[in-house]
Amino acid sequence: MECLSSGAMFGNFKDSFGYSNLNSSRLSKIDFESSLFNGVVLSYWDNIIGPRLGHLWLQCEEKCTEDSVKYVVTHNLNGELTRQAPPNAVDTKIFIIKERGLVFSSYIFTGISKGAGETLYSLSLLLPFSALKEYMQYQELVDVRMKLLVAKFRVLQEKDLLTSIPNFSKYLPSLVGMVSSLHLHGLSSMFSVSKLQLIS
């Protein structure tokens, strides 16, 4: 399937929260062709504006629409402002929006925001409603990998906030590749997620 260039995709991504147009600093292309996912969205809470888009990873606009991205950004941090959790905690929430044909699994955590110190972040996996049943078979394994990725992102933020997202982008293909392999070949009945957690 032919995809739009990164400059053309979401050229008018604006909403009532005043998001800037997406450009190369907020948009990365990644191959989701054999994966269950349509995209990955990083969002965060701004004390003045509210929920904001941090970064978007996708392959094609056709699979991850502007409307879906806006919905994820504006809904996945709802009710989280009063969150009381240890600094390193990662909370998982699954949103099933059948009428939109959308499912997103969000990982809520505390990160660093430019000029605002610590703030709430969410890293969300977007998939079509039709893939929900299959995704639930792999959810426990995906949770383990996603929480490891969140830990990596936090470390990258502490090292250099400006380069944290470009460097984090290098780790996402491994997650996508794992899910693609599961999607194509299935999960062995002999595989133990609990053992993976111990090894990690």
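**Helix α4 and the sheet**

User: Which residues of α4 are buried?

Analyst: Quick heads-up: this is a predicted model, where local features need pLDDT of at least 70, side-chain atom pairs count only at pLDDT 80 or more, and totals for chains, interfaces and linings use all residues. Residues are numbered from 1 along each chain as its sequence is written, and side-chain values use heavy atoms, leaving out hydrogens and water. Buried means under 20% relative accessible area (1.4 Å probe, protein chains only). In α4, the buried ones are L172, L175, V176, M178, V179, S180 and L182.

User: What do the buried residues of α4 pack against?

Analyst: Here a contact means heavy atoms within 4.5 Å. Helices (H or I, at least four residues) and strands (E, at least two) are DSSP runs, numbered from the N terminus. The partners are β2 (39-46), β3 (50-58), β6 (117-128), α2 (132-159) and α3 (164-168).

User: How far does α4 reach from its first C-alpha to its last?

Analyst: α4 covers residues 172-185, so 14 residues, and the expected span is 1.5 Å times one less than that number. That gives an expected 20 Å, and the helix comes close to it, reaching 20 Å.

User: Which strands are at the edges of the sheet?

Analyst: Six strands form an open, mixed sheet in the order β1-β3-β2-β6-β5-β4. Two strands pair if DSSP finds at least two bridges between them. The ones pairing on one side only are β1 (27-29) and β4 (91-97).

User: Which residue in β3 is the bridge partner of L27?

Analyst: β1 and β3 pair in the parallel sense, over three bridges. In β3, the partner of L27 is L56.

Definitions and conventions. Buried means under 20% relative accessible area, exposed over 50%, partly exposed in between (1.4 Å probe, protein chains only).
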